[in-house]
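Here is a colleague's note to read alongside the sequence and the coordinates. Please keep the structure open and find each residue as it comes up.

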Amino acid sequence: MTTSHSTGGQPAPAAVKILIAGGFGVGKTTLVGAVSEVAPLRTEEYLTRASVGVDDLAGIDQKDTTTVALDFGRITVSPELVVYLFGTPGQERFWFMWNDLVNGALGGVVIADTRRLESSFASIDFFESRDIPFVVAINCFHGLNTRSPAEIRAALDLDPQVPMLVGDVRERLFGRDVLLALVDHLMSLPMPSPAPVG
Amino acid sequence: MTRYWAEEDEGEEDDDGAGTMVRPYTITRGRTAPERDDLTLITVLTTTHQELDEYGRPFRPGGRGLQPEHRVILERCRRPAAVAEVAADLDLPVSVTKILLGDLVAQGLLLARAPLSVARAAGGADLGLLTAVREGLRRL
């Protein structure tokens with residue numbers, strides 16, 4: 001690591017990130033906005049042939065560039081610690097190009113809509129395959145929840161230990177509870193060997 | 001190592017694609033890859049009070065010139081900001097922003113703080129960090 005550390009300048013807070021995933025239009029940016037201390041910010045990245053091996057481009061237009069937008073927010077936990085929340089691009093098939101996005105994430109939240117649970121399958125598979133701990137937030141902002149939590153859990157084929165919450169992602173307190181559930185889940189996991197921090 | 005599109009494209013031309021590439025990468029003087037690869041989306045950058053080069057020596061104004069975007073970044077990072085925030089504020093793609101940030105870090109004008117190591121593969125987050133995050137979230 002060649003990154004400079006503070007040599008007398010204003011101390012920078014340490015940063016961690018949490019990924020907010022789920023199918024297109026399921027409420028990712030809404031949840032980010034509900035808990036972020038700033039209105040969700042948007043940035044873009046080019047997906048280029050330079051960023052991946054050519055073999056990995058199957059299914060993507062033979063254009064040199066595609067842009068993927070990324071919405072994110074922040075929660076200042078303390079002067080020393082900031083949590084960034086990143087809504088992931090809706091099309092998970094692009095995620096392999098976003099190593100920077102998923103590397104080093106504390107954990108993830110998968111938002112699912114009971115009317116089309118299948119749109120969030122890919123996000124669940126993605127976190128499971130990358131060994132990124134996650135919780136599931138069932139968004140029922142229409143107040144329509146015709147399925148029981150047990151039915152939803154079965155439909156998503158969730159491991160029993162993965163927490164699942166049902167609520168309205170527009171509500172700050174629900175967003176907070178989802179993030180707290182993720183932290184509690186992380187704390188409950190078997191502790192890996194300690195790693196140096198920083 | 002600075003790379004150029006000519007090398008990546010190996011002679012293939014795509015006029016439509018090239019059109020969208022030109023403007024942002026003009027800001028970087030044609031560079032499409034950062035000289036340092038340790039800047040992540042949440043690397044936090046802070047403008048230094050003392051202008052030091054990467055070896056800690058006082059910055060010499062005779063070094064590489066700064067572009068307007070560099071100066072905007074230095075102004076923005078008086079308050080610590082993550083790479084993603086700088087990119088959003090400048091309305092530039094992340095990859096372009098990283099190149100500009102790399103210039104400033106190399107010249108000692110910005111300090112970069114790497115994210116905390118929390119990936120489970122690397123040992124995971126420690127309990128103290130999780131407790132701190134939990135406390136902060138409870139105040140939301």
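**Notes on chains A and B**

1. Helix 4 of chain A, which spans residues 149-156, is hardly covered, for the count of buried residues among its eight residues is zero. Just after this helix comes A:Asp157, whose phi is positive, at about 55°. This is a predicted model, and the points below should be read with that in mind.

2. A:Asp157 deserves a second look, as its phi is near 55°, a positive value in a residue other than glycine. Most residues other than glycine have a negative phi. The residue is found in the loop between helix 4 and strand 7 (164-167) of chain A. Is A:Asp157 buried or exposed? A:Asp157 counts as exposed because it has 10 C-beta neighbours inside 10 Å, and the cut-off for an exposed residue is 12 or fewer.

3. A:Asp131 is also not a glycine and has a positive phi, of about 60°. It sits in the loop between helix 3 (121-130) and strand 6 (134-139) of chain A. With 9 C-beta neighbours inside 10 Å, A:Asp131 counts as exposed.

4. Strand 1 of chain A (residues 14-22) offers a contrasting picture to inspect. Nine of the nine residues of this strand are buried, so strand 1 is largely enclosed by the rest of the structure. In a regular strand the side chains alternate between the two faces of the sheet. For strand 1 of chain A, one side carries A:Ala14, A:Val16, A:Ile18, A:Ile20 and A:Gly22, the other carries A:Ala15, A:Lys17, A:Leu19 and A:Ala21, and both faces are covered, with all of these residues buried.

5. Which strands pair with strand 1 of chain A? One partner is strand 4 (residues 81-87) of chain A, which runs parallel to strand 1 and is joined to it by seven bridges; within this pairing, A:Ala15 has A:Val82 as its bridge partner. Another partner is strand 5 (residues 107-113) of chain A, and here the pairing is again in the parallel sense, over five bridges. In this second pairing A:Ile18 has A:Gly107 as its bridge partner, while A:Gly22 stands opposite A:Ile111.

6. Strand 5 of chain A can be examined in the same manner. Seven of the seven residues of strand 5 are buried, and therefore this strand is largely enclosed by the rest of the structure. On one side are A:Gly107, A:Val109, A:Ile111 and A:Asp113, and on the other A:Gly108, A:Val110 and A:Ala112, so that both faces are covered by the criterion that all of these residues are buried.

7. Strand 5 of chain A also pairs with strand 6 of chain A, the two running parallel and joined by six bridges, and A:Asp113 stands opposite A:Asn139 in strand 6. To pass from strand 5 to strand 6, the chain crosses through helix 3 of chain A, and this β-α-β crossover is right-handed.

8. In soluble globular proteins, nonpolar side chains tend to be buried together. In this model the largest nonpolar core has 81 residues, and those with the most contacts inside it are A:Val109 and B:Val83. Leaving aside residues up to four places away in sequence, B:Val83 touches B:Leu39, B:Thr40, B:Leu41, B:Ile42, B:Thr43, B:Leu45, B:Val94, B:Thr97, B:Lys98 and B:Leu101.

9. Chain B contains six helices and three strands, and its elements run α-α-β-α-β-α-α-β-α from the N terminus on. The three strands form an open sheet with the order 2-1-3 and antiparallel pairing, in which the edge strands, each pairing on one side only, are strand 2 (81-82) and strand 3 (110-113). Strand 1 (residues 44-47) of chain B is joined to strand 3 of chain B by four bridges, the two running antiparallel, and B:Thr47 stands opposite B:Leu110.

10. Of the 140 residues of chain B, 40% count as buried. Among the contacts in chain B with a separation of 6 or more, 76% are accounted for by residues 24 or more positions apart.

11. A final caution concerns confidence. The model scores ipTM 0.81 and pTM 0.80. Chain B averages a pLDDT of 77, with 67% of the residues scoring at least 70. Over residues 1-22 of chain B the pLDDT is below 50, although this stretch has 22 contacts in the model beyond near neighbours in sequence. Where pLDDT is low, the predicted coordinates should not be read in detail.

Definitions and conventions. Residues numbered from 1 in each chain as written. Chains lettered and ligands numbered in written order. Predicted model: local features only at pLDDT ≥ 70, side-chain atom pairs only at ≥ 80, totals over all residues. Buried ≥ 20, exposed ≤ 12 C-beta atoms within 10 Å, placed from the backbone. Pairing = 2+ DSSP bridges. Core = buried A, V, L, I, M, F, W, Y, C linked by C-beta atoms within 7 Å. Contact = placed C-beta atoms within 7 Å. pLDDT = per-residue confidence, 0-100. Right-handed = clockwise from strand over helix to strand, strands pointing away.
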